[in-house]
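Reader: I am new to this structure and should like a short guided talk through it. Could we begin with the overall picture and then turn to details?

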Amino acid sequence: CSAPSSSTLLCACECVSSMSGTSATTQSAKMKKDESFLGKLGGTLARKKKAKEVSDLHEEGKNAINAPMLPTGTDIHPEDTLLEENAERIMLDPTSRESLKFKDLLKVLIDWINSELEEDRIIVKDLEEDCYDGQVLQKLFEKLSGRKLNVAEVTQSEIGQKQKLQTVLEAVNELLRPHGWTIEWNVDSIHSKNLVSIVYLLVALAMHFQAPIRLPEHVSVQVVVVKQKREGILQTALVTKELTSTTEYRDAFDTLLDHAPDKLNVVKTSLITFVNKHLNKLNLEVTELESQFADGVYLVLLMGLLEDYFVPLYNFFLTPESFEQKVHNVAFAFELMQDGGLKKPKARPEDVVNLNLKSTLRVLYNLFTNYKNSD
């Protein structure tokens, strides 16, 4: 652009135009190159996506072939199928987990454990999460059996937890097996948080030690059994497991009522004579065992008389009106019995309030055997 000054503007325009054309040509070439690259990239991504879809479809078909017996509606996670050859894994069916009877059983067991371990300040909220490492099971077994186990108090590692479980379960099995209990649990099933195994164990302990609870009867659940066969083929089956049947324990009073009802009045007369010997000091008299102890008032007063102390009236309801107030009174009487060195009554406060004769007889007979010679 060495033209004279009069043509400077025209020359400048031509130079700009020429530069603009060159720039446009370069930009166009670059866009085509970019489009070519994106096209190739898009094609590659599309092919990879297609290949993944085919792979997923193939895997889905393989699973459908390998597990033709898989129960409908059961969700099996991938980690549950990582098994060695001929190994199996048992999982609770989701439908059974949500059943009301099963939930009721879990609640009864949790409340029982918390009641037993209250002095240890142990609170169980979830059986799977709180029982798998052996800590709660150790404390519960020691409390029930009165036997101290030689295990570490706190174990964080998986190896340490399994070692503790091994010691606890060996002690449990040694105690239960001679009495005909079928062992439905092991270290691996408990540590892997198998709820069915944990419940089996707790139910066995509760029944063997005659826990003062009433387990829901005839509770059954369905479990999915996954077994690994050769060549990675999985076999699955749905199996019914009975967790409880008729769970009420039988003792001398069951035998008395079933086989010698004629002797029942003799026993009742002896107990009435015993309680009136003490209640008469307060100008109180009992004629009907079932009804007159149902609100818990006479039980509380009787414990004060037997242990020779005054029970403050603010600790219980002297004239209870509701079911809850009556249960409170009976439960408070049970606490006084334990404070006096007696074992926890093998009856529920609710059963006494509900006029259950055997429960009331068991409580009073326990008092009779311990205080029959007291003035």
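Author: What follows is a conversation about the whole protein, a helix pair, a covered helix and one loop residue.

Author: This is a predicted model, in which local features need pLDDT of at least 70, side-chain atom pairs count only at pLDDT 80 or more, and totals for chains, interfaces and linings use all residues. Residues are numbered from 1 along each chain as its sequence is written, and side-chain values use heavy atoms, with hydrogens and water left out.

Reader: How many helices and strands are there in the protein?

Author: The protein has 15 helices and three strands; these are DSSP runs numbered from the N terminus, helices being H or I with at least four residues and strands E with at least two.

Reader: And what percentage of the residues count as buried?

Author: Of the 375 residues, 38% count as buried. Buried means under 20% relative accessible area, exposed over 50%, and partly exposed in between, with a 1.4 Å probe and protein chains only.

Reader: Let us turn to helices H5 and H8: at what angle do they pack?

Author: Helix H5 (residues 135–145) and helix H8 (residues 195–208) pack at about 15 degrees, and their axes are 11 Å apart. Axes are lines fitted to C-alpha atoms, for helices over the stretch in contact, and angles run from 0 to 180 degrees between N-to-C directions. H5 is therefore roughly parallel to H8, a term for angles under 35 degrees.

Reader: Which residues make that contact?

Author: H5 contributes Leu-137, Leu-140, Phe-141 and Leu-144, while H8 contributes Leu-201, Leu-202 and Leu-205. Contact means heavy atoms within 4.5 Å. The residues of this contact comprise seven nonpolar, no polar and no charged; Ala, Val, Leu, Ile, Met, Phe, Trp, Tyr, Cys and Pro count as nonpolar, Asp, Glu, Lys and Arg as charged, and the others, Gly among them, as polar.

Reader: A new topic: how many residues of H12 are buried?

Author: Nine of the 11 residues of helix H12 (residues 297–307) are buried, and the helix is mostly covered. Among the buried residues are Val-297, Tyr-298 and Met-303.

Reader: What covers them?

Author: The cover includes helix H10 (264–279), helix H11 (289–292), helix H13 (323–339) and helix H15 (357–371).

Reader: What follows H12?

Author: Asp-308 follows H12, with a positive phi near 65 degrees. Asp-308 lies in the loop between H12 and H13.

Reader: Why does Asp-308 count as exposed?

Author: Asp-308 counts as exposed because its relative accessibility is 69%. Asp-308 and Asp-375 are 67 residues apart in sequence, and their C-alpha atoms are 9.9 Å apart in space.

Terms used. Parallel < 35°, antiparallel > 145°, perpendicular 65-115°, else oblique.
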